[in-house]
Amino acid sequence: MEKARVGLIGGGLIAEKHLNGAIAPEVCSGELVALCDADPKKKELADEFGLPFFTDFRDMIKQAELHGIINATPNQLHARIAMECAEMGIHVLNEKPVTSTLEEGKQLVKTVKECGIKLLVGHHRRHFPLVQRAREIVQSGELGNITGVSILWALMKPDYYFDVAWRRQKGAGPVLLNICHDIDNLRFICGDVTEISAKAKRMANRSGEVEDTIALNFEMANGALGVGFISDTAPSPWSYELASGENPHYCFTGQDCYRFFGTNAAFSFPNMEVWQHPHGREKGWYEPLMKRTETVPYALPFAAQFEHFGKVILGLEDPIIDAEDALLTLATTLAVLESNDTGRTIRPAEMIMD
């Protein structure tokens with residue numbers, strides 16, 4: 001099969017995940033053939049992976065004869081670089097968030113359509129087998145009508161994390177840096193959030209101006225009601241990072257962090273437990289419940305994402321999350337902060353309406 005030729009723009013923290021994903025043995029639709037970064041020192045990373053190095057992504061696109069690029073630059077550059085690549089006819093995998101503002105996101109959606117290229121957004125958790133199986137369970141109807149959802153994300157960020165100045169500044173709290181991923185998981189597994197209200201506070205004795213604890217109330221498009229608790233100042237085993245085992249650098253707890261409730265059964269994630277009354281038995285609080293635990297094989301999400309991007313470039317698959325879809329994830333995330341600032345219930349879809 002023909003392989004898509006892909007270049008990586010950006011040699012920062014996320015770059016190594018993309019690089020290792022691209023060389024995984026299960027990848028056959030594409031190959032990563034070049035690395036670009038404005039910092040000449042990043043040539044060391046390119047040399048480590050045996051890739052030609054460029055300091056201008058336009059030169060990389062032309063000289064390496066690319067079909068697509070991975071845009072792993074800082075958030076504020078996502079829109080500009082992605083649109084310029086689109087105008088050159090190059091397919092794009094844009095790291096999340098899709099853009100840094102909703103206005104930029106709407107312009108990017110328009111540019112992608114006008115240029116006729118494909119844009120995939122790097123919400124890599126959609127490629128993790130546990131997340132994909134959770135989506136299948138919730139959307140299969142096995143749980144019945146979904147009535148409720150709960151999300152927990154609580155852990156302790158170490159003090160040295162805040163030694164970096166920008167992490168103490170407004171916009172760098174757990175909503176935009178962390179919970180954006182859980183919001184996309186929620187949308188992928190269960191559907192869109194139609195309205196959301198939130199309260200955020202700074203509970204810890206830390207310097208800076210960012211929130212650390214947030215309470216959410218929301219409603220889903222399927223009618224389910226949801227609640228969420230988020231804190232980066234509470235040691236606990238209940239967060240995606242610690243519970244899922246996706247990233248081996250985190251301590252693995254094996255606990256759950258999301259729960260989905262339906263009229264027929266309940267499901268907890270990522271320990272993958274389904275609880276329901278035995279088939280044919282009467283339902284009720286005095287009746288026994290049966291537990292089924294699913295075993296889902298591990299797979300590297302960045303490898304699956306790169307393989308998918310290659311197939312998107314070759315026209316074999318459509319993006320699992322495109323710019324328009326990812327813009328709604330961004331709007332839902334920003335709605336948390338807007339609700340806290342205004343005291344109002346926010347409808348994310350209305351935030352991106354023209």
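**Two sheets, a buried glutamate and a helix pair**

User: Between which two elements is the loop that holds E294?

Analyst: E294 lies in a loop of a predicted model, where local features need pLDDT of at least 70, side-chain atom pairs count only at pLDDT 80 or more, and totals for chains, interfaces and linings use all residues. Residues are numbered from 1 along each chain as its sequence is written, and side-chain values use heavy atoms, with hydrogens and water left out. Helices (H or I, at least four residues) and strands (E, at least two) are DSSP runs, numbered from the N terminus. The loop with E294 runs between β14 (290-293) and α9 (301-313).

User: Is E294 buried or exposed?

Analyst: Relative accessible area under 20% is buried, over 50% exposed and in between partly exposed (1.4 Å probe, protein chains only). E294 has 17% relative accessibility, so E294 counts as buried.

User: Which side chain makes a polar contact of 2.7 Å with that of E294?

Analyst: A polar contact pairs N or O atoms within 3.5 Å; within protein, one must be able to donate a hydrogen and the other to accept it, and residues adjacent in sequence count only if both atoms are side-chain atoms. The side chain of E294 has such a contact of 2.9 Å with R292. Contacts (heavy atoms within 4.5 Å) also link E294 to I137 and M272, among others, leaving aside residues up to four places away in sequence. The partner at 2.7 Å is R133.

User: Which strands stand at the edges of the six-strand sheet?

Analyst: This open sheet has parallel pairing and the order β3-β2-β1-β4-β5-β6; strands pair if DSSP finds at least two bridges between them. Each edge strand has a single partner, so one side of each is left without a neighbour in the sheet. The edge strands are β3 (53-54) and β6 (119-122).

User: What angle does the direction of α4 make with that of β5?

Analyst: At one edge of the sheet, β2 (residues 30-36) pairs with β3 in the parallel sense over two bridges, and L35 has F53 as its bridge partner. Helix α4 (residues 78-87) packs on this sheet, touching β1 (4-9), β4 (68-71), β5 (91-95) and β6. Its direction makes with that of β5 an angle of about 170 degrees.

User: Which residue in β10 stands opposite W153?

Analyst: The open sheet of eight strands has mixed pairing and the order β8-β9-β10-β7-β11-β12-β13-β14. Within the sheet, β7 (residues 146-154) and β10 (residues 225-231) run parallel and are joined by seven bridges. Opposite W153 stands I230.

User: How far apart in space are P235 and W153?

Analyst: P235 is in the loop between β10 and α8 (240-244), and at 66% relative accessibility it counts as exposed. P235 and W153 are 82 residues apart in sequence. Their C-alpha to C-alpha separation is 10 Å.

User: At roughly what angle do the axes of α6 and α7 cross?

Analyst: Axes are lines fitted to C-alpha atoms, for helices over the stretch in contact, and angles run from 0 to 180 degrees between N-to-C directions. The axes of α6 (residues 129-139) and α7 (residues 174-190) come within 8 Å. Residues in this contact include V131 and R135 of α6 and F188 and I189 of α7. The axes cross at roughly 45 degrees.
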